[in-house]
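Welcome to a short walk through this structure. Have a look at the sequence and the fold, and then we will visit a few residues and helix pairs together.

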Amino acid sequence: MITFILNNKTIKTSEHSGTTLLDFVRYQQRLTGTKIGCREGDCGACTLLVGTLNDDTMEYQSITSCISPLGNAHGKHIVTVEGTNLKDTLTTAQEAMKANYATQCGFCTPGFVVALTGFALSNSDKNYSNAIDAISGNICRCTGYKAIEKAAHQVVEKLEHQEKNSFKWLIDNGFIPEYFESIPQRLKDIEAKDLNQPKGKYVSGGTDLYVQKADHLADNDVHLIAEKDYLKGISIENGICTIGTNSTVSDLWNHRELNSILPNLRKHLKLVSSEQIRNMASLGGNIANASPIGDMTIFFLALNSDLTITNEKDEERSVALNNFYQGYKTYDLKDDELLKAISFKLPTAQSFFNFEKVCKRTHLDIASVNSAIHLSVENSTISEAHVSLGGVAAIPKYLHDTSAFLTGKPLTSETVLEANEILQKEISPISDVRGTSDYKRLLARQLFFAHFTELFPNHFTLNDFVQYAQ
């Protein structure tokens with residue numbers, strides 16, 4: 001029995017746990033403010049909030065419900081736009097949208113309102129940049145974004161005086177209704193025990209699987225693993241970072257120590273997806289998806305990561321990520337096995353990491369080509385190199401030959417240009433909807449050059465590579 005609180009109502013349902021949360025909300029509960037748009041997590045019209053009770057504190061995150069399994073709502077507080085409403089008056093987010101003429105046809109408006117409410121409830125700094133991040137996964141096709149940005153700015157201005165993490169302040173200032181104060185105790189009272197999980201397709205966040213086969217998952221057994229504690233957590237010990245495969249991109253985003261070690265981490269992760277998807281997408285799912293253009297796979301390949309794999313007998317084995325993929329959508333994982341953790345050596349003061357991506361939409365889009373690099377440099381000589389590229393082969397590509405060539409070479413433009421020649425021999429892109437093979441070769445070259453101009457601005461400029469590019 002799936003048990004959770006939907007707005008101000010306790011739900012107990014025997015509905016199939018693989019059904020999408022969106023369909024349950026609209027068709028079973030008739031809460032039609034949550035809209036059906038793309039059904040791929042791209043437009044944000046179906047945005048909901050998921051509240052989780054952690055140590056007597058509620059933590060709310062926005063998600064796209066069209067690609068989220070109903071079973072993942074178990075034991076949580078789910079909030080639709082109807083659940084944000086106040087009696088006989090507009091909420092702060094609703095009023096901001098109205099006052100700034102930020103709505104026209106209205107189809108996208110509920111998603112924006114929910115996302116802005118989630119921003120108010122979040123633990124993030126209440127600044128304009130974070131407010132824009134909060135609505136980065138919401139599309140409006142008719143109003144124009146300047147009015148919506150003004151609405152976000154109005155919300156931020158009102159939040160400037162918020163007492164830290166105070167539900168009472170948010171209630172008193174018209175952000176959320178009063179019933180939110182009762183949710184922590186009510187979640188304790190419903191005592192949502194672990195779901196009885198059948199054997200079936202492993203599903204964590206579902207952000208890729210539900211794009212591909214939502215109907216199939218709704219009709220067949222799924223084994224939801226998003227709440228498995230042994231697959232969670234991020235630890236740093238003896239210079240090694242170990243990340244549970246259930247960890248989300250947002251878990252990386254919010255990890256203070258990792259952000260201090262990788263100062264551009266949030267800049268890189270912003271290229272991966274919108275905030276809604278970052279809140280849902282598991283890192284293990286991105287790796288097991290085996291997409292040739294999986295952003296986080298390319299990210300971890302360049303960090304020379306290892307995978308810990310477990311089976312039903314709790315037996316574990318380790319495999320290098322750069323040897324994990326065997327062919328298109330195939331990899332070294334048996335039917336009874338599960339990815340447990342990702343681990344890598346942390347960059348040092350002498351090492352440098354960068355991630356680049358080209359896609360049609362800056363955020364929340366599939367890459368045409370993506371790339372990452374991790375270099376260690378001593379006395380202007382590259383002592384270690386790891387380069388990865390996506391969108392240029394049948395698998396997420398670790399460039400063994402290019403990485404080996406760079407190792408031991410001086411950090412010069414000649415080295416970079418020679419390495420590109422080897423890189424071009426290692427890749428085999430095909431023409432598809434995201435570009436021709438020639439275009440992808442061009443992108444691979446330019447992203448490779450961009451790594452060096454980004455990481456070593458005192459060594460390289462674009463002019464070092466212009467002659468070659470011409």
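Lys357 is a good place to begin: with a relative accessibility of 10%, Lys357 counts as buried, because buried means under 20%. Please keep in mind along the way that this is a predicted model.

**Around Lys357**

Lys357 belongs to strand β15, which covers residues 351–358. What does the side chain of Lys357 reach at 2.8 Å on the backbone side? The partner is the backbone oxygen of Leu271. The side chain of Lys357 also makes a polar contact with the side chain of Asp295, at 2.8 Å. Beyond its neighbours within four places in sequence, Lys357 is in contact with Leu271, Val272, Asp295, Asp365, Ile366, Ala367, Val369, Asn370 and Leu447.

**Glu316, at a strand start**

Strand β11 spans residues 316–320 and includes Glu316. Is Glu316 buried or exposed? Neither word fits fully: at 47% relative accessibility, Glu316 counts as partly exposed. The side chain of Glu316 makes a polar contact with the side chain of Lys340, at 2.5 Å. Residues up to four places away in sequence aside, Glu316 touches Thr308, Ile309, Thr310 and Lys340. Leu339 lies 23 residues from Glu316 along the chain, and the C-alpha atoms of the two are separated by 9.7 Å.

**Helix α2 and its two partners**

Two packed helices are described by the angle between their axes and the distance between the axes. Let us apply that to helix α2, residues 92–99, and helix α3, residues 109–121: their axes come within 9 Å and cross at roughly 130°. That angle makes α2 oblique to α3. The crossing of α2 and α3 is right-handed. On the α2 side, Ala93, Gln94 and Met97 take part, and they meet Thr109, Phe112, Val113, Leu116 and Thr117 of α3. By class, this contact of α2 with α3 has five nonpolar, three polar and no charged residues.

The other pairing brings α2 together with α5, at an angle of about 140° and with the axes 8 Å apart. α2 and α5 are therefore oblique to each other. Their crossing is right-handed. Here Thr92, Ala93, Glu95, Ala96, Met97 and Ala99 of α2 meet Ala151, Gln154, Val155 and Lys158 of α5. The residues of this contact of α2 with α5 divide into six nonpolar, two polar and two charged.

Which residues of α2 are buried? They are Thr92, Ala93, Gln94, Ala96 and Met97. The cover over these buried residues of α2 includes α3 and α5 (145–159).

**Thr402 and the α16–α17 pair**

Thr402 sits in helix α15, residues 400–406. Thr402 is buried, with a relative accessible area of 0%. The side chain of Thr402 reaches the backbone nitrogen of Leu423 at 3.4 Å. Apart from neighbours within four places in sequence, Thr402 is in contact with Ala419, Ile422, Leu423, Glu426 and Phe448.

Some of these names return in the next helix pair. The axes of helix α16 (residues 413–426) and helix α17 (residues 437–455) come within 11 Å and cross at roughly 145°. The crossing of α16 and α17 is right-handed. From α16, Val416, Leu417, Ala419, Asn420, Leu423 and Gln424 make the contact, together with Arg441, Ala444, Arg445, Phe448, Phe449 and Phe452 of α17. By class, the contact of α16 with α17 has eight nonpolar, two polar and two charged residues.

**Two loop residues with positive phi**

Finally, here are two residues other than glycine to set side by side.

| Residue | Loop | Phi | Relative accessibility |
|---|---|---|---|
| Tyr101 | between α2 and α3 | near 50° | 69%, exposed |
| Asn379 | between β16 (369–378) and β17 (381–390) | about 55° | 77%, exposed |

Tyr101 links back to the helices above, as it follows α2. Why does Asn379 count as exposed? Its relative accessibility is 77%, and exposed means over 50%, so Asn379 falls in that class.

Note on methods. Residues numbered from 1 in each chain as written. Predicted model: local features only at pLDDT ≥ 70, side-chain atom pairs only at ≥ 80, totals over all residues. Heavy atoms only, no water. Helix = DSSP H or I, 4+ residues; strand = E, 2+ residues; numbered from the N terminus. Buried < 20%, exposed > 50% of the residue type's maximum accessible area, 1.4 Å probe, protein only. Polar contact = N/O pair within 3.5 Å; in protein donor to acceptor, adjacent residues only side chain to side chain. Contact = heavy atoms within 4.5 Å. Axes fitted to C-alpha atoms, helices over the stretch in contact; angles between N-to-C directions. Parallel < 35°, antiparallel > 145°, perpendicular 65-115°, else oblique. Left-handed = near helix turned anticlockwise from the far one by under 90°. Nonpolar A, V, L, I, M, F, W, Y, C, P; charged D, E, K, R; others polar.
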